[in-house]
Amino acid sequence: MLEEKTLVSPDIELGFTPAEPDVVRGDQKIDEKTFQNITAKYAKYPGGVPDGGFKAWSVIVGSMLAAFCTLGYDNSSWGIFQEYYERVLLSNKSPSTIAWIGSVQVAFIFLPGLLTGRLFDLGHCKIPYFIASCGLIVCTFLTAECKQYWQFFLVQGLFTGLFSGIIYAQAISVVSHWFLKKKGMALGFVSIGSSLGGILFPIAGQNLIPLVGFKWTVRMFGFMMLVALGISNLAIDRRLPPVNVKGGLLNLPAFRNPAYTIYCISGIACSLGLYTMLTYLPVSATAVGMSNYFSFYLVAIANAASGFGRLSAGFLADHIGPLNAMIPFTSLAGVLTFAWPYVSSRGALIGVSVVYGYVFC
C-alpha cells in the first residue's frame, strides 16, 4: 500500500498556516483583488515596492527638501519670528496675539491633508505640488513686505500654512509608494529636512537680520526655498496608479473603525501641545535673563537634536512597530512640556531643549 506523504517546510511549525502577504484570499473584497491585479500592470514603475534604489532615494531627497521648506520654515523656525515680532515689528501686540500667526500657520500645514490626501489617491500630485510650491515662495517674499498685523496673519499665517500643507501632504504620501519594509527609516530621513530647516533658518536669521535687516533676511529665505523646491519638484514622483477609493472626498465611513478613530483623536490631542515649547523657547530664554543673541540658537539646538531623534524613531518603528516607538517619545515630550516653565538657568534650559528636541521627532 502506498502511503501518502506530505512535505512540510522546516521553517513552518505544524498547526500554523504560513502568512501569504502577496496572495489575495477568497474572503477579500473584489475591489481589493482588482486593485492588486491592476497595480503591477498600470504602475508607472512596475514591480514590487523597491525599498531602495536611485529613484526611490531621489524621491526621499525631494520629500526631505519639501519638509525643509514647510515644517522646517513654518513650524520649527517660528520661534525666531515670534521673538522678533514681539520686540520690533509688532511690539504693540501681545505675545498671544502674535502667536496666532504661527498657530494658524501650523494648523494649515496639516488641515489640507484631508483633501490633498484624497487628491493624491486620485493621481493628482505634480500639478498641485507645483502650484503650492510657487505659492509658498511668493508668500515668503511677500512676508518681507508686510507691516501690519493683519498682513502678517494673512500672508505668513493663512496662505503660507495652506501652501505648505499641500506640499507636505504630498511629500509624505509618496513615501509609501517606494518603501515598505524600510518605511520608518525613509520617513525618518524625510523628517530630517524639518530639522535642517529648524537649524538653518534660525541661525541664518540671527546672523542676517543685524547685517541686512528683516526684509532681506526673509527674501534670502525665499531664494533658499526657490532652489530647494525646484529640486523637489523634479525629484518627487508617484509609482502606483491612481485609485478611486470609495467613501467620498473625506471618506467619513472610515471613522466607523474604533481603533482608527481613537488613533486620529490621539494624534490631534498630541499636536495641540507638541509645538508649544518650540514656539516660546526664545521668549522664555530672554525672560530668564539670556541674551537675545543666544535665545535664537535654542531653537536650532532643539532641532539639531530632533534630527537624531527622528532617525532613531524611524529605525525603532521598523523593528518594534510605530506605536511602540511613538508612545514613550510622546510621553516624555509631555513631561518636559510641564517641567520647562520651571527651568530658570541657562544650562538647564539647554538641557531641556536637547532632550525635548530628541523626543519631539
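Are Trp78 and Phe81 buried or exposed? Both Trp78 and Phe81 are buried, and this pair is a useful way into a predicted model whose protein chain has 15 helices and 0 strands. Of the 361 residues in the protein chain, 43% are buried. When contacts between residues at least 6 apart in sequence are considered, 82% of them join residues at least 24 apart.

**Aromatic pairs and the aromatic cluster**

- The structure holds 19 aromatic pairs, and one of them is formed by Trp78 and Phe81, whose ring centres are 6.0 Å apart and whose planes stand at 20°, so the pair is stacked.
- Trp78 and Phe81 both belong to helix 4 (residues 78–89), where they are 3 residues apart and therefore separated by about one helical turn.
- An α-helix has 3.6 residues a turn, so residues three or four places apart point the same way.
- A second stacked pair is made by Phe329 and Tyr358, because their ring centres lie 5.9 Å apart and their planes are at 25°.
- Phe329 lies in helix 14 and Tyr358 in helix 15 (residues 346–360), so this pair ties together parts that are 29 residues apart in sequence.
- The two partners are not equally covered, since Phe329 is buried with a relative accessible area of 13%, whereas Tyr358 is partly exposed with a relative accessible area of 33%.
- Trp78 and Phe81 also take part in one aromatic cluster, which includes Phe68, Tyr73, Tyr84, Tyr85, Phe152, Phe201, Phe214 and Phe221 as well.

**Charged ends over rings**

- The charged end of Arg219 sits over the ring of Trp216, at 4.7 Å from the centre of that ring.
- Arg238 lies over the face of Phe120, with a distance of 4.5 Å to the ring centre, and Phe120 is itself listed among the buried residues of helix 6.

**How helices pack**

- Two packed helices are described by the angle between their axes and the distance between the axes.
- Helix 11 (residues 258–274) packs with helix 14 (residues 322–339) at an angle of about 35°, and the axes of these two helices are 11 Å apart.
- The crossing in which helix 11 passes helix 14 is left-handed.
- On the side of helix 11, Tyr263, Cys270, Gly273 and Leu274 take part in the contact, and they meet Leu323, Met326, Thr330, Ala333 and Thr337 of helix 14.
- Sorted by class, the residues in this contact of helix 11 with helix 14 are 6 nonpolar and 3 polar, with no charged residues.
- Helix 2 (residues 54–69) and helix 10 have axes that come within 3 Å and cross at roughly 35°, and the residues of their contact divide into 23 nonpolar, 7 polar and 1 charged.

**Helix 6 and what follows**

- In helix 6 (residues 113–121), the buried residues are Thr116, Gly117, Arg118 and Phe120.
- These buried residues of helix 6 pack against two other helices, namely helix 8 (149–173) and helix 9 (175–178).
- Just after helix 6 comes Gly123, which takes a positive phi of about 100°.

**Three single residues to look for**

- Gly72 is located in helix 3 (residues 71–75), and it counts as buried because its relative accessibility is 0%.
- Leaving out residues up to four places away in sequence, Gly72 touches Ala67, Ser77, Ser194, Gly197, Gly198 and Phe201.
- Gly72 and Ser191 are 119 residues apart in sequence, while the distance between their C-alpha atoms is 9.0 Å.
- Ser164, which is found in helix 8, likewise counts as buried because its relative accessibility is 0%.
- Apart from neighbours within four places in sequence, Ser164 is in contact with Thr70, Asp74, Ile109 and Leu136.
- Val227 has its place in helix 10 (residues 183–235), and Val227 is exposed because its relative accessible area is 52%, where exposed means over 50%.
- Although Val227 and Leu65 are 162 residues apart along the chain, their C-alpha atoms are separated by 9.6 Å.

Technical notes. Residues are numbered from 1 along each chain as its sequence is written. This is a predicted model: local features need pLDDT of at least 70, side-chain atom pairs count only at pLDDT 80 or more; totals for chains, interfaces and linings use all residues. Side-chain values use heavy atoms; hydrogens and water are left out. Axes are lines fitted to C-alpha atoms, for helices over the stretch in contact, and angles run from 0 to 180 degrees between N-to-C directions. Helices (H or I, at least four residues) and strands (E, at least two) are DSSP runs, numbered from the N terminus. A crossing is left-handed if the near helix is turned anticlockwise from the far one by less than a right angle, and right-handed if clockwise. Contact means heavy atoms within 4.5 Å. Ala, Val, Leu, Ile, Met, Phe, Trp, Tyr, Cys and Pro count as nonpolar, Asp, Glu, Lys and Arg as charged, and the others, Gly among them, as polar. Buried means under 20% relative accessible area, exposed over 50%, partly exposed in between (1.4 Å probe, protein chains only). Rings of Phe, Tyr and Trp (its six-membered ring) pair if their centres lie within 6.5 Å; planes under 30 degrees apart count as stacked, over 60 as edge-to-face and the rest as tilted. A charge sits over a ring if NZ of Lys or CZ of Arg is within 6 Å of the ring centre and within 35 degrees of the ring normal.
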